[in-house]
Amino acid sequence: MKLINVGYGNMVAVSHIIAIVSPDSAPIKRMVQDARERGSAIDATFGRRTKAVIFTDSGYVILSAIQPKHIAGRLENRDENGSDESEVNEENEAID
């Protein structure tokens, strides 16, 4: 199983990701609120501002403090062995 770092050491199975979106629109905010009420929201922000929302095929909604473009870049930068070559300072990303 290949995993991708979504910030602060939290990992998500690549094969289960459906979408990585920005949390700014009203429909996404409603979907996040609905997931919280259902108990299917996973907060991986470590208390920081949510910058990306990851939807999985199993119905979970994962909140990340890393920009969607950085998470997508990590997916694209994976080499054939499944390791992540990006060396990004996550604390600096959370400040962006």
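A residue counts as exposed when its relative accessible area is over 50%, as buried when that area is under 20%, and as partly exposed in between. Arg49 has a relative accessibility of 54%, so Arg49 counts as exposed. The model on screen is a predicted one, and this tour uses those three words throughout.

**Whole chain**

Start with a cartoon view of the full chain. Its secondary structure amounts to six strands and three helices. Followed from the N terminus, the order of elements is β-β-β-α-β-β-β-α-α. The chain has 96 residues, and 38% of them count as buried.

**The N-terminal end**

Select Lys2, in the segment before β1. Its relative accessible area is 46%, so Lys2 is partly exposed. Now add Val14 to the selection and show both C-alpha atoms. Lys2 and Val14 are twelve residues apart along the chain, and their C-alpha atoms are separated by 5.7 Å.

Move on to Leu3, which belongs to strand β1, residues 3–5. Leu3 counts as partly exposed because its relative accessibility is 37%. Turn on the surface and add Met1 and Met11: together with Leu3 they make a nonpolar surface patch of about 360 Å².

**The aromatic pair**

Next, show the side chains of Tyr8 and Phe46. The structure holds one aromatic pair. Tyr8 and Phe46 form it, with 5.5 Å from centre to centre and 35° between the planes, an arrangement classed as tilted. The pair links distant parts of the chain, since its two members are 38 residues apart: Tyr8 is in the loop between β1 and β2 (11–13), and Phe46 is in the loop between β4 (41–44) and β5 (52–56).

Is Tyr8 buried or exposed? Tyr8 is buried, because its relative accessible area is 17%. Phe46, with a relative accessible area of 54%, is exposed.

Check the backbone of both residues while they are selected. Phi of Tyr8 is near 55°, a positive value in a residue other than glycine. Phi of Phe46 is likewise positive and near 55°, again in a residue other than glycine.

**The loop between β4 and β5**

Stay with the loop that holds Phe46 and step along to Gly47, which lies in the loop between β4 and β5. Gly47 counts as exposed, because its relative accessibility is 76%. Add Ala65 to the view: the C-alpha atoms of Gly47 and Ala65 are separated by 8.6 Å, and the two residues are 18 apart along the chain.

Then return to Arg49, also placed in the loop between β4 and β5. As noted at the start, Arg49 is exposed, at 54% relative accessibility. Select Ser64 as its partner for a distance check. The C-alpha atoms of Arg49 and Ser64 lie 8.2 Å apart, with their positions 15 residues apart along the chain.

**The loop between β2 and β3**

Select His16, in the loop between β2 and β3 (17–21). With a relative accessible area of 36%, His16 is partly exposed. Add Tyr60 and show the C-alpha atoms. How many residues apart along the chain are His16 and Tyr60? They are 44 residues apart, and their C-alpha atoms are separated by 9.7 Å.

**Helix α1**

For the last stop, select residues 26–38, which make up helix α1. This helix has 13 residues and reaches 18 Å from its first C-alpha to its last, close to the 18 Å expected at 1.5 Å a residue.

Colour Ile28, Val32 and Ala35, the buried residues of α1. Turn the view to look down the axis of the helix. Why do these buried residues line one face of α1? Seen down that axis, they fall within an arc of 60°, so they line one face.

Finally, give another colour to Lys29, Arg30, Glu37 and Arg38. These residues are exposed, on the other side of α1.

Terms used
Residues are numbered from 1 along each chain as its sequence is written. This is a predicted model: local features need pLDDT of at least 70, side-chain atom pairs count only at pLDDT 80 or more; totals for chains, interfaces and linings use all residues. Side-chain values use heavy atoms; hydrogens and water are left out. Patches are made of residues with over 30% relative accessible area and no salt bridge: like charges are joined within 9 Å, nonpolar side chains (Val, Leu, Ile, Met, Phe, Trp, Tyr) within 5 Å. Accessible areas come from the Shrake-Rupley method with a 1.4 Å probe; for residues, only the protein chains shown count as cover. A salt bridge is a side-chain nitrogen of Lys or Arg within 4 Å of a carboxyl oxygen of Asp or Glu. Helices (H or I, at least four residues) and strands (E, at least two) are DSSP runs, numbered from the N terminus. Buried means under 20% relative accessible area, exposed over 50%, partly exposed in between (1.4 Å probe, protein chains only). Rings of Phe, Tyr and Trp (its six-membered ring) pair if their centres lie within 6.5 Å; planes under 30 degrees apart count as stacked, over 60 as edge-to-face and the rest as tilted. The expected span of a helix is 1.5 Å times one less than its number of residues. The arc is that of the directions from the helix axis to the C-beta atoms.
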